[in-house]
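Got your viewer open? Here is a tour, stop by stop, with something to select at each one.

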Amino acid sequence: MVTTTLSLSSVPISSLDKRIQSLENEQSSLGTQEYFVNMGPQHPSTHGVLRLVLHLDGETVKEVIPVLGYVHRGMEKKCEFIGYRQQVHLTDRLDYLCALMNNWAISHAIEKALNIELNERIQVVRTILAELQRIQSHQLWWGVFGMDLGAFTPFLYGFRDREKITAIFEDTIGARLTMNFIQPGGLMFDITSDFAQKVKEFIAYFKPILNEYDELFSGNIIVQERLRNVGILDAKTAISIGTTGPILRASGVAHDLRKLEPYGVYSQVQFDVPVGATGDCWDRYQVRMQEMRESIKIVEQLIDNIPEGKHMVMKFGAKIRVPEGVYYSEMETARGIYGNFIVADGSEKPYRLHMRTPNFNNLWSIIRMAPGLRIADLVTILSSIDIVVPDIDR
Amino acid sequence: MDDDRLTAKNNYVKPVQALPIRGFFGRIAYGLGSLLKGMRVTMHYFIHPSTVVTQQYPENRETLVLSPRIRSQLSLIHDESGYHKCTACHICEQACPNASIHVVDRPEPAISKKELDFFIWRLDSCTFCNLCVMVCPFQCLEMKPTFESSVYDQRLLAYNLTKYAGPTSTVLAKQTDDEARKNMIEPRQVYDGPTELGGFILAGMPESTREKKS
């Protein structure tokens with residue numbers, strides 16, 4: 001065994017080459033050998049261009065160092081140039097599976113700044129769409145999670161059902177992924193007359209399908225044994241890293257902004273917050289599966305009586321002027337808290353815009369969870385975190 | 001964790017199902033059962049071919065129904081007589097987040113106003129955010145659901161949306177004489193597919209794309 005004293009905090013990433021060199025110089029005497037392996041940037045299970053430098057001892061992971069920046073597009077800086085009206089559509093491209101919720105969050109910040117009172121119809125439609133998006137995002141995660149564990153079948157099932165919601169979005173919004181539908185002051189269009197009917201049809205279709213997911217995948221002994229006690233993240237660590245969303249809730253912290261600081265019409269609907277106990281991969285899996293059921297509950301309560309009203313309470317031109325001040329808005333997307341911190345100087349462009357994206361913080365939980373596990377388990381953990389790489393780099 | 005709202009005592013907190021701990025034989029029995037259960041789902045779809053959702057895309061082109069709201073192609077609305085309502089006010093150009101729209105105007109000698117010369121839209125840099133359609137004060141733009149716009153040359157992705165250069169439809173409607181109306185406009189677009197960048201002929205452009213489509 002090679003004995004080296006390496007710790008993540010002490011060595012910056014730039015000195016990786018030196019560390020690899022120092023390991024190569026040392027002689028190994030017994031069995032396993034320590035070495036570095038690049039996982040990514042082009043790796044199917046990292047769901048994008050994420051590079052993980054693995055410090056391995058045989059097949060055991062000793063350390064994981066995420067290297068970011070491969071899809072950095074300078075979103076925050078770009079927002080300083082293009083203005084409040086135009087930056088809404090950029091948020092589609094952060095966490096592209098929660099495009100509507102991101103649109104809502106940034107629109108909410110602008111509405112807060114301009115003191116726009118929204119009518120009930122806009123709030124209800126926004127809530128329904130956000131919950132549909134949450135289901136859609138979890139469906140995709142479920143399919144990809146199965147594929148990362150080595151089962152290709154769930155991928156096809158997940159995408160088959162995701163297509164149903166995507167079809168609803170296509171008819172209502174006109175886009176499948178980058179929607180830009182929720183605008184400051186309301187919605188881009190009014191919903192179609194058959195929107196409620198379509199959503200009801202989907203719910204009737206999807207409820208038994210969730211049981212099918214359980215039969216096909218959750219109940220499977222191989223899946224259960226691969227998720228049990230893998231990647232345990234305790235509540236204290238989860239909070240200290242700053243994880244949010246299903247990961248934090250799986251660790252036993254019932255933190256959900258929909259309950260703590262209700263926005264939209266979440267205060268008027270009944271739903272539970274699924275919370276895990278141990279914080280292993282199984283808990284994270286179950287939390288998301290239950291969240292889909294809770295989202296269905298929310299949509300069912302709202303879909304029957306969508307109030308009448310305008311779809312846009314305030315129509316903006318090409319520019320929006322936001323009064324001087326500091327504004328913050330945050331929302332619970334499918335992966336955690338997405339927050340917008342706007343420093344406005346009174347012009348039509350923000351002086352500074354910071355986006356607090358959930359995936360950036362969630363990713364770092366991997367450096368606490370992975371040490372001591374095998375590479376196959378690392379893939380499980382990475383998939384159970386459910387990262388979207390453009391959201392990390394932004 | 002001191003916050004009461006975050007503890008598991010809350011009434012809305014729903015603990016998820018924990019994984020049961022099984023013995024050796026229990027695992028074997030459960031494992032076989034769970035595999036058979038999963039196979040049952042697979043077999044159900046195997047013997048019910050009507051549940052297959054695959055679409056045979058290039059073959060079903062004739063029957064493909066697309067939602068009218070799908071945004072994949074910007075177009076300048078021309079009424080049944082072929083006239084548009086664009087006044088070349090440049091608001092869509094200002095609203096465009098990535099400078100995909102370029103409106104070229106020209107002075108109209110008759111009423112000392114500006115009129116539309118070229119409306120250039122670049123599909124290659126467009127993000128289909130629909131802002132141009134939303135901000136247009138005359139509702140003269142729309143997004144169409146035609147999606148098959150791939151070409152071999154990137155320069156072909158710059159579209160010229162104007163069919164003529166000249167005044168808006170409202171001005172043209174006031175002119176009763178057909179011959180005079182014809183003189184007021186200048187045909188711009190002969191080919192309604194992708195056009196050369198900026199409406200001008202570029203070197204190295206394939207000859208066939210400049211042909212009339214009629």
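What does the accessible surface of chain B come to, and how much of it belongs to carbon and sulfur atoms? Select chain B and switch on its surface: the accessible area is about 13,600 Å², and 58% of it belongs to carbon and sulfur atoms. Keep in mind as you go that you're looking at a predicted model.

**Chain B as a whole**

Stay with chain B and change to a cartoon. You should find five helices and eight strands. Trace the cartoon along the sequence and you'll read β-α-β-α-β-β-α-β-β-β-α-α-β. Chain B has 214 residues, and 37% of them count as buried. Take the contacts in this chain between residues at least 6 apart in sequence: 66% of those join residues at least 24 apart.

**A patch on the surface**

Now pick Phe24(B), Phe25(B), Ile28(B) and Leu32(B). Together they form a nonpolar patch on the surface, with about 490 Å² of accessible area. Zoom in on Phe25(B), which sits in helix α1 of chain B, residues 24–47. Is Phe25(B) buried or exposed? It is exposed, because its relative accessible area is 68%, and the cut-off for exposed is over 50%.

**A strand with two faces**

Next, select residues 141–144 of chain B, which make up strand β5, and show the side chains. They alternate: Leu141(B) and Met143(B) point to one face and are buried, whereas Glu142(B) and Lys144(B) point to the other and are not. Add strand β2, residues 73–76 of chain B: β2(B) and β5(B) run antiparallel and are joined by four bridges. Which residue stands opposite Glu142(B)? Click on Ser75(B) to see it.

**A loop residue in chain B**

Move to Asn130(B), in the loop between β4 (113–122) and α3 (131–135) of chain B. Its phi is positive, about 70°, although Asn130(B) is not a glycine. Asn130(B) counts as buried, because its relative accessibility is 3% and the limit for buried is under 20%.

**Where the chains meet**

Bring chain A into view. How many residues does the contact take from each chain? Chain B gives 43 and chain A gives 59. In chain B, highlight Tyr12(B), Leu19(B) and Arg69(B): these lose the most area to chain A, together 18% of what that side buries. The area buried between the two chains is about 4,200 Å², with 57% of it from carbon and sulfur atoms. Two salt bridges are found across this interface. For a close-up, show Lys14(B) and Glu294(A), which form a salt bridge with their closest N and O atoms 2.9 Å apart.

**Into chain A: a helix and its cover**

Select residues 75–82 of chain A, helix α2. Its buried residues are Met75(A), Glu76(A), Cys79(A), Glu80(A) and Ile82(A). What covers them? The cover includes α3 (84–87) and β11 (350–356) of chain A. Just past the end of α2(A), Gly83(A) takes a positive phi of about 95°.

**A hairpin**

Follow β11(A) to its partner, strand β10 (residues 336–344) of chain A; the pair is antiparallel, over six bridges. Label Ile342(A) and Leu353(A), which are bridge partners. Five residues lie between the strands of this hairpin, where Gly346(A) has a positive phi near 95°.

**A helix residue and its contacts**

Select Gln123(A), in helix α5 (residues 120–149) of chain A. Gln123(A) counts as buried, at 18% relative accessibility. Beyond its neighbours within four places in sequence, Gln123(A) touches Trp104(A), Leu118(A), Gly264(A) and Val265(A).

**Two last loops**

Go on to Ala370(A), in the loop between α14 (366–369) and α15 of chain A. Ala370(A) counts as buried, with a relative accessibility of 1%. Setting aside neighbours within four places in sequence, its contacts are Val61(A), Val64(A), Leu378(A) and Ile381(A). Try a distance line to Ile232(A): the two residues are 138 apart along the chain, and their C-alpha atoms are separated by 8.9 Å.

Finish at Asp386(A), in the loop between α15 (375–385) and α16 (389–393) of chain A. Asp386(A) has a positive phi of about 60° although it is not a glycine, and at 3% relative accessibility Asp386(A) counts as buried.

Notes: Residues are numbered from 1 along each chain as its sequence is written. Chains are lettered from A and ligands numbered from 1 in the order in which they are written. This is a predicted model: local features need pLDDT of at least 70, side-chain atom pairs count only at pLDDT 80 or more; totals for chains, interfaces and linings use all residues. Side-chain values use heavy atoms; hydrogens and water are left out. Buried means under 20% relative accessible area, exposed over 50%, partly exposed in between (1.4 Å probe, protein chains only). Contact means heavy atoms within 4.5 Å. Patches are made of residues with over 30% relative accessible area and no salt bridge: like charges are joined within 9 Å, nonpolar side chains (Val, Leu, Ile, Met, Phe, Trp, Tyr) within 5 Å. Accessible areas come from the Shrake-Rupley method with a 1.4 Å probe; for residues, only the protein chains shown count as cover. A salt bridge is a side-chain nitrogen of Lys or Arg within 4 Å of a carboxyl oxygen of Asp or Glu. Two strands pair if DSSP finds at least two bridges between them. Buried area is the accessible area (1.4 Å probe) that two parts lose on being put together, summed over both.
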